[in-house]
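Here is a short set of exercises to work through at your own pace. Have a viewer open and try each task before you read its solution.

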Amino acid sequence: MSGAVATFAFGVFALDSDRFELRRNGRVVPMQRQVFQALGYLLRHRDRVVSKEELLREAWPGVVVTHGAVSQVISLARKAVDDDGDKQAVIQTVRGLGFRFVAEARERGVRPSETMRAAAHGLVGRASELERLRERFAAADGGAGGVILVQGQAGVGKTTLVEHLTTEASGWGARTLWGRCQEGEGSEPFAMWSATLHALWELRPPEITADRLLDVERLLPSLPTSGPRGTARGSSEGAGTRFRAFEVVASLLRHASRRQPIVLALEDLHAADEPSLLLLEYLASELPTTRVLALATFRDSESGPLERLVSALGDAPRLQLDGLSPDEVAGWLEQRLGRKPQSAVLEAVMDVTGGNPLVVGELLRALQTRGGLEHAAPVLDSFRVPDHVSQAIRRSLSALPAETLGLLSLSSVIGNELDVAVLRDAAEVPAERALAALAPAIKGGRLREVGVGRYAFAHSVVRETLYGDLPPDERARAHRRIADVLSRTPGTAKAELAHHFYLASPAGDAAAAVFHLREAAREAHQRLAYEDALVLLERARVALAKAPDPRLDAELSTELGTAFRCAGQAPRAVDSIERAIDLAKAAGDVTLVARAVDELAATQKNIVDFSVIARLQEALAMLPAEDSVLRASLSARLALASAFGPDRGAPEALAREAVAMAERLGAERTLAIALHAWRWTYRGDAPAEERLRVARAAVSAALAARDWSLACEARIWTIGDLLELGRKQEFEAELALHLREAASLRLPWLRLIAARFGVVTTLLAGRLQEADRLADETLSMGRAVGDANATLVYWIEMVALLREQGRLSEIEAFARSVAEFIPWDTTWRSVVVWILAHTGRLDEARQRFDELARDEFAGIAPDLNYLGAVALLAETSVLLHDGRAGAVLRRKLAALDVKHFVAAGCSLYFGPTARAIGLIAADAGELDEAVGELERGLAAAEAMGALGWAARTRIELAGVRWSRDASGDRRRAIDEVTVGLDAARELGMTTLLAEARALPGELRSRVRSLRE
């Protein structure tokens, strides 16, 4: 690597290892990485023949490339440079030896070894640390990127070390991108990523569509719009939308690193906003397969969001920088002062400075001023303080003129960077005088120029020391002066204004602080920086306490609740919104009450909560009856919340009303919510195609509203409906899409749903033990994310599995308790009856079954669990030999247009519907009808890959054939039983094997003799 030349030119071509590009007449020639490496290696060694073995060893270190592939790579390299195997004008094959680059070539650029020597100049110590960073970069350059954490106290040299590595990496052809976190507060969301995102934006590939880029534009509005001017930057919100934006950033980074390795230098993470850290955490999981090395620096004290990030990156390598060694400090002193310090002096220097480079540097300044090492003793005495860094800075600054120090103190209030125009106006001095006063600080290296009229503190510790030394009242007045200047300055960020007005509020005007904090919070929310919005809103409430206003407090509490919800903190969201409702009621503001209740229902997603239902009903009663987006949203949420209540007709009517209202108003997102609620409440005995249309409409509306998490959730219904209809290919495609979206959105509750689908599909395949394990895992996941229905869903998933494993006793107590707790939910009453019948307690089973069968099963709720209840009752009617009830259920089943029993949002699959009809027909003695239906059921099970249900249906069909005894029936019955039993044994279907003993004795004997 150290001998690589940046650029070669030959003919019309230029090979640029800096950019990892081959150009023909200035245009980039597309080329695979291995081809580029081979061409570059031959160019660098064009004075000789390069063997295949050498190419394998040196051109592609750590990459598996076969001898046979070398010829193909050489062929592609020739094609790229307009050469071929006949001409061999560029790459010549030397038979039996290897290859040689024979075209005339010239070198351009600088050798990285020279760059590296220049970069290393001035770096004191850190040889082993720098070497470790070099190794990590080499790994990243080879496609094994990642994050390395560089940690140490202030002034220990983290930035200097990273700067040296980035300089070297640039010489090796890497692109370096910097992100610096602003010490103090007031920076915009994702400010750390601004330069990186702008750089990646310029390189965005066409395959990342403008629609996908819209969410990234939300993170950083300064990015050029990817669509026509005026295109909305998106209306969706929540962690899912943010993760979708993060995924696109990862794609941009991955694409850019294919062209050349990238070093991301991210400085001072201890000062980063939480959303920026969340983006780094997301990218860290994507980097190991890229050519990206992220160097993240931070101070030793880890707390809050940074502590969580470091914990999340537990596997990331960490580089702890401590003070320099005595030998390193001695060498530095000798280099700067012209003589080696005596051991006693060196010992004193180490005692005072701890080897901290920043403090040693301040000591060197003082020694140079005082005349060198001869005067070390008095200088060292002046440094003998507990806080070396701040005190060293403080003593050094004290030598500056009073006016300079005063302007620097005011500058520290502005932030780490300052605009001279702002400083001038805040200090009320002419610009020339301000610059003249700052000149000693600039000359002494305290400030560095970063732009026209803009300066930055050379080290954040300098700013922190100055700021910390200001008395509180003076600091507040300074913030107010700066806030006034910035409010008149075009282009000032809302977050910066909010910061200064808030810190000025102790000096008066809390109302201004509240106003600017809310404005900044709204912008942060729009930019998906929910944690920033939370901080700003909580500060607004603190400021508001100085001038209480219940109505404004209610608005703030609602906005806080929304931010908590979007940040994934549901319990805190509920607390804040409940407070908002109480405040809004006290203020008599009906609309504000309704808004808060709407937010409460959005937070209490899909959990049966009668207190929320009561809140929704109350809010709807308060609102005017005319159309409004708020009324449509409340109606939809009430329908969803009461979907499992005793009145099953009301929720569907509410949902339909909400859909119609949202359509009249043209409210896309509310329409998506309403359609989703409608599908939740749709009658379970309605035609499946109708239900599928509503489900797909909900997905389409959610996508149109750019609500990715709602679209993913609504897709659950399309998956279940397609399974009911037996459309396997569409079912699998829709499921795969859901799983991809759930993975990209990274929302815990969507991951939970994806895991539950894993249970369903595993059961479909008949892998009972694996399904049992997965169900246990989903139960734990559900409890971890606070899903109140986790236990309920778990037992629904387990119904069919426990029957097949002979473990129905495990579910009985739970089923009975739910049936008693929710008596109007006939599904669990059906489960209890089914268990009783299966376990031989026929008297109690008949009693309970008769209650459910009253008035031709009129009490069976046609909800989303309807098909599950009918499936269980159909089997029970056969076990009880209740022909009358069986006939009613058979008519109900015949009226359905579904091929499979699916219930509880696809949590329960209970086999083909034709199987149930066939069993009822067989129990009624209609054997021809039974055989036909069971054959259809077997075909449906096999078509969906439901192996366990196919085995069960096959054995049941064999029994009916044997009893019918038509031509060929008994021979086919023997074949079917043999295949069915083999499958049952392989799948571990204990109950089915036991039930097979009830087959006619002669059939069992024939199968046994056949096996023997």
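The exercises below look at cavities, a strand pair and nonpolar cores.

The model is predicted, so local features need pLDDT of at least 70 and side-chain atom pairs count only at pLDDT 80 or more, while totals for chains, interfaces and linings use all residues. Residues are numbered from 1 along each chain as its sequence is written, and side-chain values use heavy atoms, with hydrogens and water left out.

**Exercise 1.** Find the largest cavity and describe its lining.

Solution. Start with the term: on a 1 Å grid over the protein atoms alone, a cavity is a set of points where a 1.4 Å probe fits but cannot get out, and lining residues have an atom within 4 Å of a point. Grid points are joined across faces, edges and corners, and a volume is the space filled by probe spheres set on the points. Five cavities of 30 Å³ or more turn up, and the largest holds about 170 Å³. Next, centre your view on Leu763, Ala800, Leu801, Tyr909 and Trp949, which lie nearest its centre among 15 lining residues. Helix H37 (790-804) is one of the elements that give two or more residues to this lining; its share, five residues, is the largest. Finally, sort by class: 11 are nonpolar, two polar and two charged.

**Exercise 2.** Do the same for the second largest cavity.

Solution. Its volume is about 110 Å³. Of its 17 lining residues, Arg679, Trp717, Glu724, Leu864 and Val902 lie nearest the centre. Helix H33 (708-725) and strand E16 (900-903) each give two or more residues, with H33 giving the most, five. By class, the lining has nine nonpolar, three polar and five charged residues.

**Exercise 3.** Follow Val902 along its strand: which residues point the same way, and which the other way?

Solution. His900 and Val902 point one way from E16, whereas Phe901 and Ala903 point the other way. All four are buried, meaning under 20% relative accessible area with a 1.4 Å probe and protein chains only. Now look across: E16 and E17 run antiparallel, joined by three bridges, and Val902 stands opposite Tyr909. In the hairpin, four residues lie between the strands, and Ala904 has a positive phi near 55°.

**Exercise 4.** Which residues have the most contacts inside the largest nonpolar core?

Solution. A nonpolar core joins buried Ala, Val, Leu, Ile, Met, Phe, Trp, Tyr and Cys residues through side-chain atoms within 4.5 Å. The largest has 113 residues, and Trp828, Phe857, Leu893 and Phe910 have the most contacts inside it. A second, separate core of 110 residues includes Leu264, Ala272, Leu309 and Leu438.

Notes
On a 1 Å grid over the protein atoms alone, a cavity is a set of points where a 1.4 Å probe fits but cannot get out, and a pocket is an open set with protein on both sides within 12 Å along at least five of seven lines; lining residues have an atom within 4 Å of a point. Ala, Val, Leu, Ile, Met, Phe, Trp, Tyr, Cys and Pro count as nonpolar, Asp, Glu, Lys and Arg as charged, and the others, Gly among them, as polar. Buried means under 20% relative accessible area, exposed over 50%, partly exposed in between (1.4 Å probe, protein chains only). Two strands pair if DSSP finds at least two bridges between them.
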